[in-house]
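Me: I would like a close look at a single part of this model, set in the context of the chain as a whole. Please keep the terms explicit as you go.

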Amino acid sequence: MQYTTLGRTGLNVSVAGLGCGGHSRLGQKTGRTEQESIQVVRQALDLGINLIDTAEAYGTESIVGKAIQDVARDQLVISTKKLCPDRESDDPSGELRRGVEHSLKRLQTDYVDVFYLHGVRAGQYQYARDTLLPGLLQMQEQGKVRFVGVTEAFIPDPQHSMAERALQDDCWDVMMIGFNFLNQSARQRVFPQTQAKNIGTMGMFAVRNALSRPAHLKKILTELRNKNQIDPALCEMPDVLGFLTDMGKAETIPEAAYRYCRYEPGLDSVLTGTGSVEHLKENVAALLKAPLPLADCERLAALFGQVDSVSGN
Ligand SMILES: NC(=O)c1ccc[n+]([C@@H]2O[C@H](COP(=O)([O-])OP(=O)(O)OC[C@H]3O[C@@H](n4cnc5c(N)ncnc54)[C@H](OP(=O)(O)O)[C@@H]3O)[C@@H](O)[C@H]2O)c1
């Protein structure tokens with residue numbers, strides 16, 4: 001495994017992080033047993049992954065809690081998150097603080113390294129910062145949360161509107177950002193600013209559906225053609241991404257997709273979400289391979305560099 005520093009947190013994190021959400025939720029959404037999901041986490045640890053991302057909403061915190069029982073806590077970096085409580089509720093800040101306590105119980109730990117406000121929309125941002133963040137900072141003072149962060153809702157916000165707004169402030173230690181070769185827009189809109197402010201970044205959506213299921217990619221290409229964000233001729237090509245795997249340059253499209261994200265300047269750790277031990281091993285191997293050939297990266301920029309309307313979901 002290779003490790004890097006998660007921005008201003010100074011935390012030493014693996015360049016591959018285990019995502020416990022997404023469409024797999026460690027396999028809990030795809031029919032795996034709890035024991036099988038625990039095995040995925042344990043395999044991640046065996047591969048040298050020390051960064052594990054989960055959330056109340058995924059229902060996987062307790063699985064992570066069980067899987068990490070034998071591991072020295074200071075060898076792990078755990079991030080979790082909570083969706084913003086309804087702003088009309090009586091005590092949203094208290095609800096958030098209680099949410100942190102519940103996460104700690106499920107994770108069977110005394111603190112989380114990064115606590116994120118989960119999937120914040122641009123329209124919620126001010127509320128999140130002014131009403132919810134103070135509650136998180138109280139938890140930080142009590143030692144229950146080491147660093148605070150915000151994750152974007154990449155599916156409805158593939159243009160990074162919330163992240164751009166959050167980057168005008170200086171209160172976030174870490175941000176979770178959607179990035180893949182179909183939507184490269186974080187390269188201009190997010191990463192230069194996170195680097196300038198030394199905000200740590202975790203990448204999500206490296207593969208998602210679009211780059212793991214060819215039929216889904218076709219649907220997305222049609223959507224992009226209708227929005228005039230790609231050359232219409234791409235929709236007629238039988239194998240648009242074939243050049244990535246020509247002559248064994250990459251073995252699979254998911255491999256190419258993870259390798260692409262791994263070397264993006266400003267992206268500290270790339271999350272991989274899976275319920276399969278085999279996929280996990282492949283994905284970690286991919287993240288540890290060399291960058292894609294420069295010519296392929298240039299071609300991906302030419303093909304998709306204008307896209308900012310899809311997440312790849
Ligand atoms: N707003 C937010 O805060 C937010 C939103 C989304 C995600 N996240 C975080 O980011 C993490 C990463 O996102 P993600 O889980 O969507 O990750 P991802 O790694 O981009 O995509 C995972 C999907 O690809 C499949 N896959 C993985 N490896 C594969 C392989 N080698 N070959 C074929 N298919 C493969 C998985 O299915 P299999 O199970 O079959 O491998 C799964 O459906 C999440 O787990 C979560 O922790 C946060």
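Reply: What follows describes one helix, then the pockets and the chain around them. This is a predicted model, in which local features need pLDDT of at least 70 and side-chain atom pairs count only at pLDDT 80 or more, while totals for chains, interfaces and linings use all residues. Residues are numbered from 1 along each chain as its sequence is written, and side-chain values use heavy atoms, with hydrogens and water left out.

Helix 3 covers residues 92-107, 16 residues in total, and reaches 22 Å from its first C-alpha to its last, close to the 22 Å expected (1.5 Å times one less than the number of residues). Helices here are DSSP runs of H or I with at least four residues, and strands are runs of E with at least two, numbered from the N terminus. The helix is followed by Gln108, whose phi is positive, near 55°.

The buried residues of helix 3 are Pro92, Ser93, Gly94, Leu96, Gly99, Val100, Ser103, Leu104 and Leu107, where buried means under 20% relative accessible area with a 1.4 Å probe, protein chains only. An α-helix has 3.6 residues a turn, so residues three or four places apart point the same way. The buried residues of helix 3 pack against helix 2 (61-67), strand 5 (77-83), strand 6 (112-120), helix 4 (125-141) and strand 7 (145-152), a contact being heavy atoms within 4.5 Å.

Three of these partners, strand 5, strand 6 and strand 7, each also supply at least two residues of the lining of the largest pocket, as do helix 10 (253-262), strand 10 (269-273) and helix 11 (277-287). That pocket is an open set of points on a 1 Å grid over the protein atoms alone, with protein on both sides within 12 Å along at least five of seven lines, and its lining residues have an atom within 4 Å of a point. The largest pocket is lined by 47 residues, of which Gly21, Gly22, His23, Ser24 and Arg208 lie nearest its centre.

The protein chain as a whole has 12 helices and 10 strands. Its radius of gyration is 19 Å, close to the 20 Å that the globule rule gives for 313 residues, so the chain is as compact as a globular protein of that length; the radius is taken over C-alpha atoms, and the rule is 2.2 Å times the number of residues to the power 0.38. The C-alpha trace spans about 55 × 40 × 35 Å along its principal axes, and buried residues make up 56% of the 313.

Key:
Buried means under 20% relative accessible area, exposed over 50%, partly exposed in between (1.4 Å probe, protein chains only). On a 1 Å grid over the protein atoms alone, a cavity is a set of points where a 1.4 Å probe fits but cannot get out, and a pocket is an open set with protein on both sides within 12 Å along at least five of seven lines; lining residues have an atom within 4 Å of a point.
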